[in-house]
Amino acid sequence: GQQTTSSTSNKSGTSNMTRWAIFGTGRIAHDFVTALGHVQDATPVACASRAIERAEEFAASHGIPKENAYTYEGLLEHTDEFDVVYVASPHGYHHQHLMMCIAAGANVLCEKAFTLNAAQAKEVVAAARDKNVFVMEAMWTRFLPCTRDIQRLLDSGALGEIVTVQGTFGFINPGAERLSVKALGGGALLDIGIYLLTWAGIAYNDAKPVLECAAGNLLSTGADEQVQMTLRYGEFSTASLFCSLRAHLPNTLDIIGTRGRVHIHKPFWTPTEYTVTLAGEADPVTYQVPHAEQNPEHKYNFDNSEGLSHEARHVGECLEKGLKESPVMSLDRSIQYMELLDEVRARVGVVYDCDK
């Protein structure tokens, strides 16, 4: 119920309002703060950027007081003012920024991909457990109502034994440096391939697959532009996944079982619609599951970003319960997916400086 005690840092059950600090002020940070408008007991209270001017601009556009706009280091001197940090910097900075936040004793929700490689992820996880702070990778897809519905369908066994997952995710890079520069964690795999692997994981209960094949091509920067992956999850169970920054792809995903299949409409990484076809039933049935009420005042940079509200709400619930990691997106799970991404990158020939 509503408790009236004054709010204390790190959300130890003394207040129902989760106070968010935003670390990085790019396009996804804008979308996340806008989506917080759908979360009753969450509010953005501070923000930070490399340049204080950018933080002040971001604060002004999101109703955050100007005195709560900081540099990264400045923000972490005020950990009593917020309950959790949302790290929204490019992938290449995640390890450094996670380690800074954890050292300051802050709880963190960090954008995917969690880090650049599994070694970095393990270091972050060890630090988080050592400092006893909450840390979660922001794999928002797992928290969406549509995903949860599909998860229930899979759990019910209605599709029979899953035999394959087939999906594509591709668009033509509009020239974004974060997608092409290797030091930033550029490349198709860490930005969008991770969603394909996540859905294959959802279909197969996050079993560890054998990577049968990964083929792709690199940009002149050494980052991956396209990757085709074939994975084996069991004797009769595979996944075929393709991501690209060179072409617009269908951006849909199919999970096919012995008794039926589910087609997740585009954008499958933030879906609001899916179609189920069951063996012996003539007509496919399409379900529409919106993320949240559309608010015409909310302007987003990316597709269906109001769905970011669900991971934010989940983090609030975890903090309320005093949890240090999410039961849905555990730290070990983040390490598992970074290990898989490492394996795919090695096959395709993408080497980050931190791999050496």
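A residue is taken as buried when its relative accessible area is under 20%. By this cut-off Tyr204, with a relative accessible area of 10%, is buried. The model examined here is predicted, and the description below moves from ring pairs to strands, a helix, open and closed spaces, and two single residues.

The structure holds 10 aromatic pairs. In one of them, Phe23 and Tyr72 are stacked, with 4.3 Å from centre to centre and 10° between the planes. This pair links distant parts of the chain, since Phe23 belongs to strand 1 and Tyr72 to helix 3 (residues 72-75), 49 residues apart. Phe23 is buried because its relative accessible area is 0%. Tyr72 has a relative accessibility of 9% and therefore also counts as buried.

Tyr204 takes part in a stacked pair with Tyr233, because the ring centres lie 4.4 Å apart and the planes meet at 20°. Tyr204 sits in the loop between helix 8 (188-203) and strand 8 (210-218), while Tyr233 sits in strand 9 (residues 224-234), so the contact between the rings ties together parts that are 29 residues apart in sequence. Tyr233 has a relative accessible area of 14% and is therefore buried. Elsewhere, one aromatic cluster is formed by Phe169, Phe171, Tyr195, Phe268 and Trp269.

Phe23 also has a place in the strand pairing. Strand 1 and strand 4 run in the parallel sense and are joined over four bridges; in strand 4, Val87 is the bridge partner of Phe23. Strand 4 is likewise paired with strand 5 in the parallel sense, over four bridges. Here Val85 of the first-named strand stands opposite Val108 in strand 5. In a regular strand the side chains alternate between the two faces of the sheet. In strand 4, Val84 and Tyr86 point one way and Val85 and Val87 the other way, and all of these residues are buried. The connection from strand 4 to strand 5 involves helix 4 (residues 91-103), and the three elements make a right-handed β-α-β unit.

Helix 1 (residues 27-35) has buried residues at Ala29, Asp31, Phe32, Val33, Thr34 and Ala35. An α-helix has 3.6 residues a turn, so residues three or four places apart point the same way. The buried residues of helix 1 are covered by elements that include strand 1 (18-23), strand 2 (42-49), strand 4 (84-87) and strand 5 (107-111). Among the helices, helix 2 (52-61) and helix 9 (308-320) contribute to this cover.

Helix 1 and helix 4 are also involved in the largest pocket. Rolling a probe the size of a water molecule over the atoms shows where empty space is left. The largest pocket contains about 1,100 Å³ of space. Its lining consists of 42 residues, and those nearest the centre of the pocket are Arg27, Ile28, Arg178, Asp191 and Phe302. At least two lining residues are supplied by each of helix 1, helix 4, strand 7 (162-170), helix 7 (177-180) and helix 8. Helix 4 provides the largest share of the lining, four residues.

Closed space is represented by one cavity of 30 Å³ or more. The volume of the largest cavity is about 30 Å³. Its lining is made of Glu137, Met139, Arg142, Ile194, Thr198, Met329 and Tyr337.

Two single residues were also examined. Val45 is located in strand 2 and counts as buried because its relative accessibility is 17%. Leaving aside residues up to four places away in sequence, Val45 touches Arg19, Trp20, Ile64, Pro65, Asn68, Glu81 and Phe82. A separation of 45 Å lies between the C-alpha atoms of Val45 and Ala215, which are 170 residues apart along the chain.

Thr277 is located in strand 13 (residues 273-278). The relative accessibility of Thr277 is 16%, so this residue counts as buried. With residues up to four places away in sequence again left out, Thr277 touches Gly260, Arg261 and Pro284.

Technical notes. Residues are numbered from 1 along each chain as its sequence is written. This is a predicted model: local features need pLDDT of at least 70, side-chain atom pairs count only at pLDDT 80 or more; totals for chains, interfaces and linings use all residues. Side-chain values use heavy atoms; hydrogens and water are left out. Buried means under 20% relative accessible area, exposed over 50%, partly exposed in between (1.4 Å probe, protein chains only). Contact means heavy atoms within 4.5 Å. Rings of Phe, Tyr and Trp (its six-membered ring) pair if their centres lie within 6.5 Å; planes under 30 degrees apart count as stacked, over 60 as edge-to-face and the rest as tilted. Two strands pair if DSSP finds at least two bridges between them. A crossover is right-handed if, with the strands pointing away from the viewer, the path from the first strand over the helix to the second runs clockwise. On a 1 Å grid over the protein atoms alone, a cavity is a set of points where a 1.4 Å probe fits but cannot get out, and a pocket is an open set with protein on both sides within 12 Å along at least five of seven lines; lining residues have an atom within 4 Å of a point. Grid points are joined across faces, edges and corners, and a volume is the space filled by probe spheres set on the points.
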